[in-house]
Amino acid sequence: MESLLQEELPTIVSNGAFGKNLKYVSFELDKDLVGQNQYMSTVLFGTVTTSDESKHRVLIKLKLRDEETRIKFKIDFQFHNEITMYEKIIPFIFECYRSMRGVGDCPTLARCFYGRNKCGEFAERDLIVLENVNPLGFRLSEARPFLDYDHVLIAFRTLAKFHGLSYTAKHKEPGRLQEITMDIRDTQFDANGQWIFNNNALGKFFKRGVDRLIERSGNLYRDNEHLRRIKVLIDDGNNSLRRVLVPQEPFSVVCHGDFNRNNVLFRYDESGLPADVLLFDFGTPRYGSPALDLSFFLYMNTTQNLRKSRLDDLLNAYCLTLAESVPSGVRVPNRAELDSEMSKCAFLGLAHAIFFLPHQLESDNIYREGMDEEETTEWLLQLGGDTATDRVADLVQHIVDMEYTNLLRS
């Protein structure tokens, strides 16, 4: 891989990725950081030196070499989406914001120097070159997988600023944002229209939590109307997920699509508190309800106690920051309207988290080669053991208690 970069980087530099009229001098690989925290791509860190003696700290993403895996996880589509976000969508929404409000308080994002996604026989040479923001003080949180209130609060506030860019863009150039987001490619469904997991698998992940919830609080939940409603949605998983992903105006935004602890970096102040957040890994964005991002982060990164005690504070902070982050006259959802979005769209966060959360709670989660679909499902159901079963039950309990089941009424 290092030899590939030595071949590719001179052309990338000469084409102006790091500035005009520059030539490539060298690339030094940081071997201590190779492959960290990535499983959909190979990530290399290093320093590109150019002829003006500038040193550019970079993160370079390469596609996985296994073609079957690339196809299964739609990695070609993910590269397309990330390049589209950095080259088209993000510049457009930032420019709309700046033209109406000046510099303002925009969310922090890494710079993208270059992206190529030719696919096919060229797939192993496709790459995305991004700014390495670690020297700027950004890093992953040490707490995993659950975050404390301060981390979640600043993540929600940063997400509000990011979503606010979409509302500003829609106000300034109605219709244009919807038009350019049509270039985003779907990574949720296969060529046959099937979601990541079939309905039977999704039902088994859900049942894992329901059975534990009934076991510990059967009298309260056995005949609960909203538990029944969620089961109806799960049983018709493909159609339910398609419905929740359909953009509904006026509140649809460019969503990160995988807004989770492993895709946000925190910068800390001198006292150790998170002071800024940077979003990265834009391989699965979509245009839809802000609740798609909010519910996924909520269910993947918070404990039941935090959701019970501070959810109002978190959603209020999101709404307040959102209102403050847009120019006067730009329409954004108030708290009641955001609650309505959550009641209709939090189902997506649940559907993802009942699979992904046990995966993050298990240290030995390496996929066993050669398993068929049924064996894979049964293996996934064992991840995380009793602890994961309890956490899945917590997720089911929360979505039922909050009555986030209004997708059936939409």
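**View 1. E403 sits in the segment after α13 (385-401)**. This is a predicted model, and here we're looking at a residue with a slightly unusual backbone. E403 isn't a glycine, yet its phi is positive, about 60°. Most residues other than glycine have a negative phi. As for its surroundings, E403 is partly exposed, with a relative accessible area of 44%.

**View 2. E53 is another non-glycine residue with a positive phi, near 75°**. You'll find E53 in the loop between β2 (41-50) and β3 (55-63). Its relative accessibility is 69%, so E53 counts as exposed.

**View 3. A cis peptide bond runs from R144 to P145**. Omega for this bond is near -5°. P145 belongs to the loop between β7 (138-139) and α4. Most peptide bonds are trans, which makes this spot worth a look.

**View 4. E249 and P250 are also joined by a cis peptide bond**. Here omega is about 20°. P250 is part of the loop between α8 (237-245) and β8 (253-255).

**View 5. Helices α4 (residues 149-172) and α10 (residues 304-324) pack against each other**. Two packed helices are described by the angle between their axes and the distance between the axes. For α4 and α10, the angle is about 35° and the axes are 8 Å apart, and the crossing is right-handed. On the α4 side, the residues in contact include Y149, L153, F156 and Y167, while α10 brings in, among them, L306, L314, Y318 and L322. Sorted by type, the contact has 13 nonpolar residues, three polar and four charged.

**View 6. L350, in helix α11 (residues 335-361), is a buried residue**. Its relative accessible area is 0%. Setting aside neighbours within four places in sequence, L350 touches I230, Y299, L395, V396 and I399. L350 and H398 are 48 residues apart in sequence, and their C-alpha atoms are 9.7 Å apart in space.

**View 7. C106 and C119 are both without a disulfide partner**. A disulfide is a covalent bond between the sulfur atoms of two cysteines. The closest cysteine sulfur to that of C106 is in C96, but at 11 Å it's too far for a bond. For C119, the nearest cysteine sulfur is that of C112, 16 Å away. C106 is buried, with a relative accessible area of 18%, and C119 is buried too, at 17%. The disulfide count comes to zero.

**View 8. Residues 128-328 carry the UniProt annotation "domain: CHK kinase-like", from an unreviewed entry**. Over this stretch the chain is 53% helix and 11% strand. The C-alpha atoms at its ends are 37 Å apart.

Note on methods
Residues are numbered from 1 along each chain as its sequence is written. This is a predicted model: local features need pLDDT of at least 70, side-chain atom pairs count only at pLDDT 80 or more; totals for chains, interfaces and linings use all residues. Side-chain values use heavy atoms; hydrogens and water are left out. UniProt positions are given in the numbering used here, feature names are shortened, and annotations may be inferred rather than shown by experiment. Helices (H or I, at least four residues) and strands (E, at least two) are DSSP runs, numbered from the N terminus. Axes are lines fitted to C-alpha atoms, for helices over the stretch in contact, and angles run from 0 to 180 degrees between N-to-C directions. A crossing is left-handed if the near helix is turned anticlockwise from the far one by less than a right angle, and right-handed if clockwise. Contact means heavy atoms within 4.5 Å. Ala, Val, Leu, Ile, Met, Phe, Trp, Tyr, Cys and Pro count as nonpolar, Asp, Glu, Lys and Arg as charged, and the others, Gly among them, as polar. A disulfide is a pair of cysteine sulfur atoms within 2.5 Å. Buried means under 20% relative accessible area, exposed over 50%, partly exposed in between (1.4 Å probe, protein chains only).
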